[in-house]
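Open your viewer and settle in for a short tour. We will begin with the whole chain and then move to single parts of it.

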Amino acid sequence: MERLFRGGRRPARGGPAVKLPPIGSYAVDTHTGKVGMVMGHEGPYVQLRPYGGGKEWDCEPDAVRRATAAERLSAATAYANARSRGEVP
């Protein structure tokens, strides 16, 4: 069973609360499979930034889940490898 994030908001039309990930945590966009750091909550979206920096993207709250330790390590390794090849600063 997947753990939910603490906190949340109620949708405008009622219904169950939408759980929002805390700012600074790592999450996975389930639509793309990308791991990112939660930078904020803007309107109905969660803003994620790729591991190591880069352009933020918006993700629907129901398409975000907490990143596992293995997913965070994989993202860090991919960034370190790209950096060693000179692909990122």
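**Whole chain first**

Show every residue of the protein chain: among its contacts (heavy atoms within 4.5 Å) between residues at least 6 apart in sequence, 31% join residues at least 24 apart. You are looking at a predicted model, where local features need pLDDT of at least 70 and side-chain atom pairs count only at pLDDT 80 or more, while totals for chains, interfaces and linings use all residues. Residues are numbered from 1 along each chain as its sequence is written, and side-chain values use heavy atoms, with hydrogens and water left out.

Switch on the surface next. The protein chain exposes about 6200 Å² (Shrake-Rupley method, 1.4 Å probe), and carbon and sulfur atoms supply 53% of that area. Of the 89 residues, 26% are buried, meaning under 20% relative accessible area with a 1.4 Å probe, protein chains only.

Now go to cartoon view. From the N terminus, the elements read β-β-β-β-β-α; helices are DSSP runs of H or I with at least four residues, strands runs of E with at least two.

Select the strands. They form an open sheet of five in the order 4-3-2-1-5, with antiparallel pairing (two strands pair if DSSP finds at least two bridges between them). At the edges, each pairing on one side only, are strand 4 (57–59) and strand 5 (64–66).

Zoom in on residues 35–42 and 45–50. These are strand 2 and strand 3, paired in the antiparallel sense over six bridges. Which residue of strand 3 stands opposite His 41? Click on Val 46 to find that partner.

Note on methods:
Buried means under 20% relative accessible area, exposed over 50%, partly exposed in between (1.4 Å probe, protein chains only).
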